[in-house]
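Me: I'm new to this structure and would like a close look at one part of it, with enough of the surroundings to know where I am. Could you walk me through the sheet in the last chain?

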Amino acid sequence: MKFSKLGAVAVIAVIAVYIRAIYFTPIEALQGAAQKILYVHAPSAWVGLYLAFGLVAIASVLYLWLKDPKLDRVAASSAEVGLLFSTVVLITGPLWAKPVWGTFWTWDARLTLMLFLWFIYAGYIILRGAIDDFEMRARYSAVLGILGAILVPFIHLSVYFFRTLHPMPVLLKPSAPSMPREMLVTLVSSFVAFTLLYVWLLRERYLLAVDHDAAMGAHS
Amino acid sequence: MQPSVLPGVLHPRRAPGFVASTLAIARKDMLIELRSRSVILSALAFAVLALTIFFFAWDPTAVAPIDLAPGVLWVIFTFSGLLGLHRSFGVEQPTHAMDALLAAPVSREAIYLGKLIANLGFVILVQAISLPAVALLYNVPVGAYVLPLIGVVLLAAVGLVAVGTLFSAMAVTTRLAELLLPLLALPFFVPVILPAAQATARLMSGRAVSEVAGYIELLAAFDIIFLVVCTLAYPFTLEQ
Amino acid sequence: MSLTLAPGDCLALFGPNGAGKTTLLRLLGGLLRPTSGSAVIEGVPLPGGADVRARVGLVSHQTMLYDALTARENVEFAARMYGVSDVGAAASDVLERLGATSFADVRVRLLSRGMQQRVSVARAIVHSPSVLLADEPFTGLDAAGAAALTGMLAELRDSGATIVIVTHNLDEALALCTTAAIMREGRFVRLDHAPIPARDEYTALYRELSADAA
């Protein structure tokens with residue numbers, strides 16, 4: 001695979017963030033070194049939950065409207081990359097939870113939401129694999145992509161009826177973020193680096209889909 | 001006036017109304033089910049078997065049946081519902097009867113809603129039998145709160161059937177067919193089963209109806225939004 | 001390819017498998033959208049709305065019947081889908097015309113393929129369509145059934161319906177049609193308006209035109 005400029009930038013950014021996270025960001029007093037997982041966990045959740053899923057939903061709506069195969073490829077690529085990042089969230093979550101909460105898995109609202117998001121992504125990809133016809137695959141997955149986006153807030157609401165252990169996302173708090181400045185800078189840069197990583201992977205996956213469709217003789 | 005095709009015979013017609021065609025499709029599906037009884041019988045057999053197995057899967061001295069009952073009830077509703085939903089568009093498959101429906105002058109939304117009404121009928125029938133069965137066999141006195149409980153059950157049934165009918169339409173035409181339906185539908189059942197089971201548990205432990213109002217609102221919101229969205233989405237699953 | 005049919009015309013479409021006959025028929029039935037070009041029924045471009053679909057009857061090579069229901073219930077359901085006013089009378093009438101009265105109240109599952117085919121045709125014409133699209137309507141019919149169907153289709157044609165038949169049965173189709181076409185790879189390779197060459201001559205032609213297809 002040709003390594004694009006975007007890819008190089010994304011990888012360098014991620015490496016830089018981790019050098020900073022490991023060597024130049026203070027260790028959290030209560031949680032110790034385990035807290036450093038935050039810099040993988042939180043940006044992955046940002047990409048998996050908001051960026052990737054948002055793009056799937058938007059590309060799906062646009063596909064049903066414009067019927068442009070490019071939009072279907074964007075949605076499919078975003079779903080696959082989104083599945084990757086959600087998997088990272090689901091792996092880093094328990095790794096972090098074990099030393100801090102004393103258990104690998106809890107049916108905490110945010111973890112549960114992420115798990116179901118993962119199921120929706122997985123269902124989306126399995127659905128695509130079960131249809132041969134290009135046009136039908138695009139229509140079905142667009143419908144599922146849109147319904148999934150509507151489902152997420154409902155899962156969110158229903159799991160919130162359970163008590164949650166999970167800290168509220170520190171960045172989105174309306175008051176001043178409750179985190180030392182160095183940590184915050186590292187966290188924000190990890191978001192930027194992961195966003196770049198997402199855009200790069202999305203582009204590579206999209207180009208792969210173009211090649212694949214060209215090889216299958218499908219629409220241009 | 002249309003030309004008569006058969007000499008001397010014309011069967012007068014006008015475009016069938018939305019409600020009339022919806023009900024005709026629902027009636028047709030119910031008639032098929034009445035004849036074959038495949039959905040009702042398999043769903044009921046499943047319900048009774050699951051009820052028995054669940055009872056013996058737990059140690060009755062450790063977990064009181066009344067604590068078990070809400071979970072058992074909703075597991076039974078979920079999976080017996082899936083059994084019926086799969087047949088919904090499955091009955092159109094063997095002879096490509098779907099082509100005839102699509103070639104007829106009925107709106108696509110009426111096809112979806114007709115199927116939905118029939119499915120709702122099956123699910124409610126299965127619930128009407130398994131709810132008393134659970135109450136009886138698990139020794140849960142439901143008399144005091146039977147109306148709010150029925151309300152929760154009905155609200156949940158609408159939500160399950162709304163998304164389930166749409167996914168049934170999609171799943172039957174894929175290579176995985178019925179295997180795909182639970183995979184697609186179950187994540188969508190979560191925001192229905194979760195509040196419904198919680199509300200059931202609270203009602204069964206004697207809490208006031210006002211304490212479950214939040215769950216009921218959540219169920220109602222799910223029903224309204226997914227009924228509308230799935231009705232609008234169904235035509236997009238069809239070849240145009 | 002381009003072709004216009006008037007009321008009372010009957011087009012027979014022949015061609016080897018995969019020639020696009022069924023696709024053309026599905027397109028006319030409003031089940032497919034043309035990727036290029038256009039098809040028009042009574043002035044409305046396809047796929048039209050419910051108005052156009054109401055005027056078309058469709059016989060597919062699948063029976064499109066529900067096998068748990070009786071013949072009559074199937075036909076009555078179709079009549080309801082097309083908004084026929086007196087559903088019961090219309091169903092009895094078409095079933096009788098197709099010689100299906102004796103098994104009208106038997107579940108379709110228990111009927112032979114030939115009997116099912118008659119019910120399937122009854123289903124397609126219960127709403128008095130002005131255009132009838134028939135894909136292999138002779139499938140599974142014995143000689144008597146085929147003769148009954150041919151007579152029925154001739155009656156339809158003479159009363160002013162437009163009929164399109166896709167078939168491999170040259171004999172029945174040539175007896176009925178006013179226009180005959182041979183399709184290959186999605187286009188007409190031969191188009192004859194009445195008078196169509198005699199049966200033997202046309203059979204030879206058809207063999208020749210479809211032979212080198214593979």
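Reply: Here is a walk through the sheet of chain C, and then outward to the rest of the assembly. Keep in mind that this is a predicted model.

Let's start with the sheet itself. It is an open sheet of six strands in chain C, in the order E4-E5-E6-E1-E7-E8, and the pairing is mixed. The edges are taken by strand E4 (56–59) and strand E8 (187–193) of chain C; each has a single partner strand, so one side of each is left without a neighbour in the sheet. Going from one strand to the next, the twist averages 15 degrees.

Now zoom in on E6 of chain C, which sits between E5 and E1 in that order. Strand E5 (residues 131–135) and strand E6 (residues 162–166) of chain C pair in the parallel sense, over five bridges. Two residue pairs help you find this in the viewer. C:Leu132 has C:Ile163 in E6(C) as its bridge partner, and C:Ala134 stands opposite C:Ile165 in E6(C). On the other pairing, E1(C) and E6(C) run parallel and are joined by four bridges. There, C:Leu11 has C:Val164 in E6(C) as its bridge partner.

How many residues of E6(C) are buried? Five of its five residues are, and the strand counts as mostly covered. In a regular strand, the side chains alternate between the two faces of the sheet. In E6(C), C:Thr162, C:Val164 and C:Val166 are on one side, while C:Ile163 and C:Ile165 are on the other. These residues are all buried, and both faces of E6(C) are covered.

Next, look at two helices that lie across the sheet. Helix H5 (residues 113–125) of chain C lies across E4 and E5 of chain C, and runs at about 165 degrees to E4(C). Helix H8 (residues 199–211) of chain C lies across strand E1 (10–14), strand E7 (179–184) and E8 of chain C, running at about 20 degrees to E7(C).

One residue of E6(C) also leads us to the core. C:Ile165 is among the residues that touch the most other members of the largest nonpolar core, which has 210 residues. Others on that list are A:Tyr198, C:Ala12, C:Val75, C:Ala122 and C:Val126. The largest share of this core comes from helix H6 (residues 146–171) of chain B, with 16 residues. Domain 1 (1–55 + 129–214) and domain 2 (65–128) of chain C both give residues to this core, so it lies between them. As background, nonpolar side chains in soluble globular proteins tend to be buried together.

Those two domains deserve a quick look of their own. The C-alpha centres of domain 1 and domain 2 of chain C lie 23 Å apart. Contacts between them involve 12 residues of domain 1 of chain C and 13 residues of domain 2 of chain C. On the domain 1 side, helix H6 (residues 143–158) of chain C gives the largest share, four residues. That side divides into eight nonpolar residues, three polar and one charged.

Stepping back, which chains share the most contacts? Of the two pairs of chains in contact, it's B and C. Here 34 residues of chain B are in contact with 43 residues of chain C. On the chain B side, the elements giving two or more residues are helix H1 (18–36) and helix H4 (97–103) of chain B. H1(B) gives the most, with seven residues. By type, this side of chain B has 20 nonpolar residues, eight polar and six charged.

Chain B meets chain A as well, with 21 residues of chain B in contact with 22 residues of chain A. Helix H7 (180–204) and helix H8 (213–233) of chain B each supply at least two residues to the chain B side. H7(B) gives the most, with 10 residues. This side of chain B divides into 17 nonpolar residues, three polar and one charged.

Chain A and chain C, on the other hand, do not touch, and their nearest C-alpha atoms are 12 Å apart. While the sheet you asked about is in chain C, chain A has six helices and zero strands. Of the 220 residues in chain A, 38% are buried.

How values were computed
Residues are numbered from 1 along each chain as its sequence is written. Chains are lettered from A and ligands numbered from 1 in the order in which they are written. This is a predicted model: local features need pLDDT of at least 70, side-chain atom pairs count only at pLDDT 80 or more; totals for chains, interfaces and linings use all residues. Two residues are in contact if their C-beta atoms, placed from the backbone, lie within 7 Å. Ala, Val, Leu, Ile, Met, Phe, Trp, Tyr, Cys and Pro count as nonpolar, Asp, Glu, Lys and Arg as charged, and the others, Gly among them, as polar. A nonpolar core is a set of buried Ala, Val, Leu, Ile, Met, Phe, Trp, Tyr and Cys residues joined through C-beta atoms within 7 Å. A residue is buried if 20 or more other C-beta atoms lie within 10 Å of its own, exposed if 12 or fewer, and partly exposed in between; C-beta atoms are placed from the backbone. Domain bounds come from an automatic or database domain assignment. Two strands pair if DSSP finds at least two bridges between them. Axes are lines fitted to C-alpha atoms, for helices over the stretch in contact, and angles run from 0 to 180 degrees between N-to-C directions.
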